[in-house]
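This briefing is intended for a reader who is meeting the structure for the first time. Please keep the sequence and the model in view while reading.

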Amino acid sequence: MNIVVCAKVVPDYEVPASDFELVNGRAHKRFTRMIGLYDENAVEVGVQLKEKYNGNLIIISYGREEDIPILRKAIAMGGDKLIIIIGNSDDPYIISENLKMGIERIGDVDFVLAGRQSADMDRGIVPGILAGMLNYTFVPQVTQIELINGLWKAIQVTEKGIREIKVSKKAVFSITDDPGNIPRIPPVRRILAAKKMPVEKLNEIQVPPMQIEEISVDIPKIEIECEFLSVEDPKEAARALLNRLKEERYL
Amino acid sequence: MGRTPYWLIKYGFIIDLLSIPVGFVFAYGIFIHWKRIRMGTERIKLNISVSTPKIGPFYIKPFIFIGILGSKIYKKIFSGIAHGFLFWGMVLLLLGTISVLMNVVFGIPVFKGLFNYYFMGFTLDLAGLLSLAGVLFFIFRRIFPPQRITAFKEKKGFLLVETSIAFVIITGFLLESLRISYNGIDPGSFIGNWISGIIGKPGNIKIIYQSIWWIHGIVALAVIAYIPYSPLVHLILAPINSGLSRPLSGLKMGVMNFSELVDNVEEIQEDELPSLGVGRLADFSWKRLLDFSTCLWCGRCHEVCPAVLTGKSLTPKGIIVTLSELLKEEKFQESLFNYISINTIYNCTTCAACIEVCPVSINQTKAIMRMRQYLLMELSEIPETMGRAYKSLENRGHPFFGTGFGPNDWQKDIDVPIFQKEKTEYLLWIGCSVAYEERAQNIARSMVKILKKAGVSFGILPDIRCTGDPAKQMGSEFLFIEIAQQNIEYLSSLGVKNIITLCPHCYDSFIHYYPEIGGIYRVFPHVLMIKKLLDSGKLHLKKQNINITLHDSCYLGRHNKIFDEPRELISYIGKLIEMKRNRELSLCCGGGGGNYWTEEEGTRINRERAREAFETGADVIATSCPFCLLMLTDGIKGFTQENKVFDIAELCENFME
Amino acid sequence: MKTLIIEIIDAARLGELYTVSKFFTDTPDLVALGEGDIPSGFGKVFHTDEILGANILNALLDLIKDERYELILLSSSTEGNSIASPLASFLSLPIISEVIGIEKDFIVKKPLYGGKALVTYKIKKTPIIITIRRNSFEREDLKGSSNTIPLELKDKPLELLAEKEEKVEGVPLEEADIIVTGGRGIGAPENFKMLRELADLLKGAVGASRGAVDEGWVPPQMQVGQTGKIVAPNVYFAIGVSGASQHLAGITNAKCVVAINIDEEANIFKRANFGIVSDYRKIVPALIDVLREEGI
């Protein structure tokens, strides 16, 4: 069984707003690069499935060559192989076509996992576009997948609750976080093994980008002064807070 | 008239012959211990050289002072004195017995003249009296034990050997007195003479004397034979353990050698890699197994442990007791985590108070940390919050996840020079806590102002780096070495030779661990640097009319023996008030061992320490470590809204003229 | 531009999409999914009971080609997300998701980097697909009802085996004027009870940050944040919440944020209007007591 997980290396997603800086509309290169938050959840789901069903886990990424050492962490978590397509576009079509190219080289793929949204572009559309290109079904916001009688059953988290969905075609699942898929810390042995794992590097194929024009990227200023209330007596503090909220007509 | 050896005893030399089988039984007992200890792994050699006299693997000073003279036992004065009486008394009595043997075999005239009076008579009687007093103290203690003896588990076997020893001494005096009653006053033997006066001359002396003599002899030999099988084995193991313990302060963790693994990672199959850290008893070094064999379960470590104080599951005594029982049962291959829980192992703040007070030089913390290394590096087990800090350190190079600050926010309003290769003398190492925690940022600002005022040639790195110490504390040698190697490479490229640190954890890493990986620097913790500037007249402080209490940081204090300089600094600023637990016995703030990022069980250590500090009534609580500053600032909130906790650098900057 | 809205039958979501459609057209068409009464205000209204996006795709492809829509609008909800990107791929259309602002001359804005930055795009070519973030636009109050044309579905790769709704106590988060949110600092699931009590007294809803959800203390439907619910209350209580960007992205439109946190350095205080540095276990019961005794 071949399980593919798409992982993307992004700038540190926990940079505090006060320290955030842009250069040419993108995050300053001084911020540490790391695998996206939801991508790690996806890798974790992939590893759990690989262990449960005795599969092969292939990590695939579109990005920079310097990101390979960071992607080895995904291998250390349980990946068997890393395929990286070297390129630096942000365009979702370019990314998806290239991921598709990488996936098609693997051969018989059972399904594809991806994080529900990248931590830099905040879009969540590459997995769906990729599904369209592969002619796979797209199921977003999944936390768990199980094989039941030869078909995959996915648990999807919605605004109102959860859905159990049976999938009868090959699918791309975008993964959201859940206490059951918290990314594992790989044991040191796996980290050392990952360092020697072969990495397949592919050159990107040229694809026309989406036809939209990026006009500007700005950092919105948060201009709020926090009014701190004294806590000598909790009840007094509570009263003071409620009074202030009433004064400002919030309550 | 001198004393006749073997008075009334025929074939007395049989006793001496019996010492041969006793010797074999004794040797076999020691052999069992040795065999068990050798089931451990080869000891990791520490590369830091310590200039202290050595014979083979034995360090002479600790062997003599701690091992034989038992200097640490005297920290509890009554136990110490009782033990001293017992031990030295028995040593003297042993010398007495040897003297008798010399007389019997070689005819040396021990029973004549001044030697007989002062030594064979007076000294030996005194020795007997004192050792009896000592052993009676210990018998009493076993019957009415202090909490530390019974905490976790009580070691069996003390009463048996103690009462046997008492028996031997008492029968010894009886024999002496009976002999004196029938042979006349023995000059010098004031006890024997006195008892003789009381018991007089009983009838049937021959049968009575002979019976007591043989019983006395056999029991004495039995005790000797039994030594290795009883708690008395510490007579052998304790001096050896102390002699083999490198006299270096701190945890003496050493640095794991991954380079061989990493270089040969192509050839070595994953499952052939040796175990990282300790998961089973056999993974411990034989030095650790010797530690477990030596432990007398005295509980002194239990009493000073901050985890015990605050009701956590960890007790260092419990750890060593559990491991020593497993060793005795020879359970070398079982998983230790069936017996010791993960939370217990992560409760440890590495304050090293246990190491400080242990009379037999056991390194409890190292045993705990070795298990922690296995938990994290092999099993990826780590408590949740600490795990997030760990992941943050791994991903972004510092453990302060969720920080609201960028790396350079601390220096927003001040102008800080950057280290220039070959031009700047000192690198001011900022470290991570001072950059990312708002309250601690002032330490850096204050130090920068002090260094500028004193005209010191210093500079910082253009980027904030962590020494990797939190990784080591949490158990990942691997991550620590990765970070340290990157730092060393960078510092080499800049030609850094002198470093000033703001955090004792950084200092400790630079001093104890970086040299093992090739990073050798002269390192000054900021308090020593400030003191240096004061002493050389480059800085002046205005004395204030305030009371200041000092919280000793574990990593400056116990780990590096820096106690006096912070005190001298404080005396320049105000009046020093000591807390009850100070210097070597200072109570940890609770932030070490990665426990800054932890949801604590039980009550909170920082609150305990803050209470102690607050109750001195001092105007200011001085700290010398950013973690202590943060922990105590939080802890003091339970007692006052006022901010009383300040770093020494902040105080000096405030009061410099 | 000829506009098609694709959305489940929900007054709030339809209202927001309707407002957005006004930038581009007078009367949008609608593909309504699921069950319920569809309000009027739309042009052609197509309907299917199906809510799983993958099952509707082929039918949508035919519809869009036949009707030649230039703009397709959805919300970035589960249903919207399941349709928008595969649809874009099949039709080779540009797509902009998570839009939070629109201006004339085809200018749209959306967040980047967890909400720390804002990118402005200009639409250059149609047809185009846009998904909007919930609670970022005014809700048009739509009334009446529509006649519908059934949407014929083709193949269905997905089968809904079960749907479980999390019981929502009180007001739904996206509608609430007052929200009390608990984060990782709450410490344990049972402690959410006092937040519920406070919310009830204020007639508000209870939310959670990703931290509390990851701990398993509360279901993910309570998560407020970039990948949870985007909310726009008058007052937002952030209790034991550190204030990561992704969470703040969910409350950009909150009018007043009150932060209660034991850590005075928590990032949330940079976004809060009012702050109390204390253990919430002292303050929240005090708030409850005062509200009980003295009313709001």
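The points below deal with the contacts between chains, one sheet and two backbone details.

The model is predicted. In it, 92 residues of chain C are in contact with 84 residues of chain A, and 26 residues of chain A are in contact with 33 residues of chain B. The area buried is about 7,700 Å² between chain C and chain A and about 2,400 Å² between chain A and chain B.

**Chain C and chain A**

- Carbon and sulfur atoms give 60% of the area buried between chain C and chain A.
- On the side of chain C, the three residues C:Tyr113, C:Lys116 and C:Phe274 supply 11% of the area buried against chain A, more than any other three residues.
- Eight salt bridges are found across the interface of these two chains. One of them links A:Arg239 with C:Glu294, and the closest N and O atoms of this pair are 2.7 Å apart.
- The interface of chain C and chain A also holds 47 residue pairs in polar contact, both residues being at pLDDT 80 or more.
- Sorted by class, the side of chain C that touches chain A consists of 43 nonpolar, 23 polar and 26 charged residues.

**Strand pairing between chain A and chain C**

- Strand S14 of chain A (residues 212-218) and strand S8 of chain C (residues 117-123) run antiparallel and are joined by six bridges.
- Within this pairing, A:Glu214 stands opposite C:Tyr121 of S8(C).

**Chain A and chain B**

- Carbon and sulfur atoms give 52% of the area buried between chain A and chain B.
- A:Ile185, A:Arg189 and A:Leu192 lose the most area to chain B in chain A, together 32% of what that side buries.
- Five salt bridges are counted between chain A and chain B. A:Arg189 forms a salt bridge with B:Glu378, where the closest N and O atoms lie 2.5 Å apart.
- Six residue pairs are in polar contact between these chains, with both residues at pLDDT 80 or more.
- Strand S5 (33-35) and helix H5 (188-195) of chain A are the elements that give two or more residues to the side touching chain B. H5(A) gives the most, with seven residues.
- That side of chain A divides into 13 nonpolar, two polar and eleven charged residues.

**A sheet in chain B**

- Four strands of chain B form an open sheet with parallel pairing, in the order S8-S7-S9-S10.
- Strand S8 (575-577) and strand S10 (645-647) of chain B each have a single partner strand, so one side of each is left without a neighbour in the sheet.
- On average, neighbouring strands of this sheet are turned by 40° against each other, direction ignored.
- Strand S7 (residues 547-550) and strand S9 (residues 620-623) of chain B pair in the parallel sense over three bridges. B:Thr549 has B:Ile621 in S9(B) as its bridge partner.
- Helix H27 of chain B (residues 626-635) packs on the sheet and touches S9 and S10 of chain B. The direction of H27 makes about 170° with that of S10(B).

**Backbone details**

- C:Thr126 and C:Pro127 are joined by a cis peptide bond, with omega about 0°. C:Pro127 is found in the loop between S8 and strand S9 (128-132) of chain C.
- B:Lys252, a residue other than glycine, has a positive phi near 55°. B:Lys252 is placed in the loop between helix H9 (234-244) and helix H10 (259-263) of chain B.

Notes:
Residues numbered from 1 in each chain as written. Chains lettered and ligands numbered in written order. Predicted model: local features only at pLDDT ≥ 70, side-chain atom pairs only at ≥ 80, totals over all residues. Heavy atoms only, no water. Contact = heavy atoms within 4.5 Å. Buried area = accessible area lost by both parts, 1.4 Å probe. Salt bridge = Lys/Arg side-chain N within 4 Å of Asp/Glu carboxyl O. Polar contact = N/O pair within 3.5 Å; in protein donor to acceptor, adjacent residues only side chain to side chain. Nonpolar A, V, L, I, M, F, W, Y, C, P; charged D, E, K, R; others polar. Pairing = 2+ DSSP bridges. Axes fitted to C-alpha atoms, helices over the stretch in contact; angles between N-to-C directions.
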